[in-house]
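This report looks at a pair of helices, at the contact between two chains and at the record's annotations.

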Amino acid sequence: MVAFILRRLIQSLFVMFFVALVSFSMFRFVGDPVNQMVGIETSIAEREALRERLGLNDPFMVQFGRYIGKAATGEFGISYQHKRPVAEMLVERMPATLELALVSAVFSLLLGVPMGVYAGLNRDGFISKVLLSVSLVGISLPTFLIGILLIFFFSVQLNLLPSFGRGGLIDIGLWKTGLLTIDGWKSLIMPSITLGLFQLTLIMRLVRSEMLEVLRTDYIKFARARGLTNRAVHFGHALKNTLVPVITITGLQLGSIIAFAIITETVFQWPGMGQMFLQAVTTVDIPIMAAYLMLIAFFFVVINLIVDLLYYVVDPRLRVDTGKASGHG
Amino acid sequence: MPLLEVENLVVEFPTRRGTLTAVNDISLHIDEGEVLGVVGESGAGKSMTGAAIIGLLEPPGRVASGRILLEGERIDNLPYEKMRRIRGKRIGAIFQDPLTSLNPLYSVGRQLVETIQTHTDLSPTQARARAIELLTEVGIPAPERRVDQYPHQFSGGMRQRVVIALALCVNPRLIIADEPTTALDVSIQAQIIALLKRLCREHGTAVMLVTHDMGVIAETADRVAVMYAGRIAEIGPVREVIKNAKHPYTHGLMGSIPSIGHDSERLEQIPGSMPRLTDIPTGCAFNPRCPHAFDKCRTVRPDLLPIEDSWTACWLYDGEEGRNKEASKKLVAETKADAVLEGNNG
C-alpha cells in the first residue's frame with residue numbers, strides 16, 4: 001500500500017515535470033518575451049540589458065531549472081498584461097472555478113447515479129426510455145448552446161436568475177465564496193447545470209450499463225436465492241460493484257470539469273481561472289497560460305491519485321497485503 | 001405429504017421466433033430428507049426446473065402452466081416478496097460456479113450475517129457467532145480468522161464450502177444444488193459431495209441434485225430423474241434406474257460412462273445430439289437417436305408408465321405392443337450398470 005502510493009507519487013512527479021517542460025517551452029516558442037514587455041521606442045541596448053537581467057541569455061537547462069524551482073514554490077512569474085504576480089491572480093480566481101466545478105460535479109452525481117440505478121433496474125420501463133433519450137440530447141448538445149438557451153429562458157424571458165457574474169460574495173480569509181449567500185447560489189445555478197449536464201448524462205448512462213452488467217452476475221442471482229431483500233440486492237450488492245468504474249470516470253470528469261470550465265465561464269462571465277486563461281490567450285500573456293497549464297495538470301494528477309486510493313477502499317481484491325488465497329478444499 | 005411436489009410443470013421462453021418450451025409437462029416429488037438426482041445432457045431442462053422451483057427463472061422465462069407445492073402450499077404463483085421469504089429460509093440454492101457465486105466486495109462473514117439476519121431475529125453478535133459455527137461445520141479451518149476474509153482469499157473448493165454454508169445457514173427444508181461440483185477439480189468434487197451429503201443428512205434437508213454426472217448420482221441420490229428435451233424419460237430409485245435402466249436414453253447414458261474393470265474396448269455413445277428447443281421431434285423426442293424406435297415412437301408422445309420399480313416414458317414397455325417385448329427384455333439384459341455402480345462406489 002505504502003509502496004503503491006510512493007510509486008504513484010513518483011509517477012505524478014514525472015508527469016508534472018513533463019508538463020512543466022511543455023509550458024516552459026511556450027515562453028521560447030511563442031514569440032520573444034522581451035518584445036512583449038517593452039515598448040516600440042526601447043533601444044536595442046536596453047532590450048539586451050533587460051534580456052541579461054531576466055536571465056534569458058542563460059542556457060536552456062539553467063533557465064528551465066530556475067523555472068521549475070520557482071514553480072515548486074508557487075511562483076509563476078509576472079503577467080505581461082497585468083504586471084502582477086501570476087500566482088496571486090490564480091489564487092484570486094481559483095475559488096470561483098473550484099466552487100463552480102464542485103457544485104456541478106455534486107449536481108451530476110446526485111442526479112446521475114440515482115437516475116442510472118433506476119434506468120438499470122427498470123430496463124424496459126417508460127421513464128427509463130425517456131431518461132435515455134433525453135440523455136442522448138444532453139450528450140450531443142454543445143455546452144455553450146445549453147448555457148445560452150438557459151440564459152435566454154431563465155434570465156431574458158422569465159427574469160428569474162442572473163445571467164452573469166457570481167452574485168454576492170463573502171470573504172473567508174483568502175477564499176471569496178458565493179456559497180453563503182442566496183444571491184451567490186442563484187448565480188451558480190445556471191453555470192453549474194450547463195457545466196454538469198454532460199457529466200450527468202455520462203454518469204447516468206455509465207451507472208445504467210454497469211448495473212445491467214452486474215445484475216446478470218452469479219453473485220446477484222445467488223444473493224436473490226438467499227432471499228435477500230430487493231433493497232439489499234440492488235443497493236448493497238449491485239450498486240457497490242458498479243462503483244469502481246463510476247469512481248474512475250467521475251474522477252477523470254472532475255478534472256475535465258475544472259479544465260473545460262473555460263467555455264461555461266465565458267458564457268456566464270464567470271470570474272474564474274478559465275475566463276482569465278481565455279483573456280490571456282488573446283493578449284499572448286504567456287506566464288498566465290503556462291501557470292494555468294501547470295495548475296490544471298496538478299489538479300488532474302491529484303484527482304487521479306485520490307481515485308487510485310478510492311479503489312483500495314472499495315475493492316478488497318486490491319488490498320494485496322491482507323494475504324493470498326490459501327487452503328484447498 | 002411430500003416436501004415438494006411439481007405437477008405438470010411447463011416452463012416457456014417467449015422469443016421473437018416463437019415460444020420455446022424448456023420444460024414440458026414434468027411431474028415429480030421430493031420427500032423430507034430425500035436426495036433426488038436430476039440428470040440429463042445440457043439443455044434438457046434440469047436447471048430450468050430448479051430455477052422454476054425457487055422462483056428465479058430469468059426473464060422472459062416463465063412458468064406457463066402446472067403447479068409447484070412446498071409442504072402442500074402452492075409457491076409457483078406467489079408475489080415476489082412472499083417468494084423472497086421462502087428463498088434461503090425454506091428452499092436454499094447452490095449454484096455451479098463457487099468462484100462467481102460470492103460477492104467479491106464483501107467478506108464471507110458479512111454475506112453470512114446478512115443472510116442470517118434477513119431470515120431470523122438474531123442480533124449482529126449472535127449472527128456472527130452463528131456464521132463462525134457454520135464455517136466450522138463446513139470444514140473451514142481457523143473460522144474465527146477466515147470469517148473476516150474476502151472471497152478472493154479462498155480457493156475454489158473452500159468457496160464452494162462457504163456457498164454451502166450460505167445455503168444451509170437458516171436450515172432450509174430443501175436445497176436445490178445445480179451442478180455444485182462441475183466447476184471444481186476432480187479431487188475436490190468428491191469432498192464437496194461428501195460434505196453436502198453429510199450436512200443434509202444431519203440437518204434432515206432434502207436435496208434436488210442437478211448434475212450431468214451419473215457417478216455423483218449413483219453415490220448420492222436416493223431417487224433419480226432422467227431428463228431429455230424438457231421431459232422426464234425415466235424416474236425411480238437410483239439402484240433400479242442405474243442397474244436396470246429401462247429407457248433407451250438412460251441405457252445410453254450408462255453406456256457412455258467409462259468404467260475401470262469393464263472389458264469393452266469402446267465407450268458406447270448415443271448417436272446424434274439432443275434436439276434444439278426450436279425443433280423437438282414429434283412423438284418421443286428421443287426417437288431419431290433411439291436404436292429401438294418404431295412407428296408409434298415417431299407420432300405419439302409416450303407418458304410415464306410404471307415398469308417394475310420405476311417409471312419410464314417409452315413405448316417399448318407398452319403392454320399392447322407385444323412385438324417389442326423381446327426388444328425390451330434384451331435392453332434390460334444388456335445394461336452394464338453393475339460396472340458403473342462398482343466403478344463409482346470405490
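Axes are here lines fitted to C-alpha atoms, for helices over the stretch in contact, and the angles between N-to-C directions run from 0 to 180 degrees. The model is predicted, with local features needing a pLDDT of at least 70 and side-chain atom pairs counting only at pLDDT 80 or more, whereas totals for chains, interfaces and linings use all residues. Residues are numbered from 1 along each chain as its sequence is written, and chains are lettered from A and ligands numbered from 1 in the order in which they are written.

**A helix pair in chain A**

Helices (H or I, at least four residues) and strands (E, at least two) are DSSP runs numbered from the N terminus. In chain A, the axes of α12 (residues 273-282) and α13 (residues 286-314) come within 8 Å and cross at roughly 140°. That makes α12(A) oblique to α13(A), because angles under 35 degrees count as roughly parallel, over 145 as roughly antiparallel, 65 to 115 as roughly perpendicular and the rest as oblique. The crossing of α12(A) past α13(A) is left-handed, a term for a near helix turned anticlockwise from the far one by less than a right angle, with clockwise giving right-handed.

Residues are in contact if their C-beta atoms, placed from the backbone, lie within 7 Å. On the α12(A) side A:M273, A:M276, A:F277, A:A280 and A:V281 meet A:I288, A:M289 and A:Y292 of α13(A). This contact has 8 nonpolar, no polar and no charged residues, where Ala, Val, Leu, Ile, Met, Phe, Trp, Tyr, Cys and Pro count as nonpolar, Asp, Glu, Lys and Arg as charged, and the others, Gly among them, as polar.

**Chain B against chain A**

Between the chains, 34 residues of chain B are in contact with 26 residues of chain A. The side of chain B that touches chain A takes at least two residues from each of α2 (80-86), α3 (98-101), α4 (108-119), α7 (156-168) and α8 (186-203), and its largest share, 6 residues, comes from α7(B). By class, that side has 13 nonpolar, 14 polar and 7 charged residues.

**Annotated spans**

UniProt, in an unreviewed entry, lists residues 4-254 of chain B as "domain: ABC transporter", and its "transmembrane region" annotation, also unreviewed, includes residues 130-154 and 243-268 of chain A. Positions follow the numbering used here, feature names are shortened, and annotations may be inferred rather than shown by experiment.

| Span | Helix | Strand | End C-alpha distance |
|---|---|---|---|
| Chain B, residues 4-254 | 40% | 27% | 28 Å |
| Chain A, residues 130-154 | 92% | 0% | 24 Å |
| Chain A, residues 243-268 | 92% | 0% | 33 Å |

Conventions:
Two residues are in contact if their C-beta atoms, placed from the backbone, lie within 7 Å.
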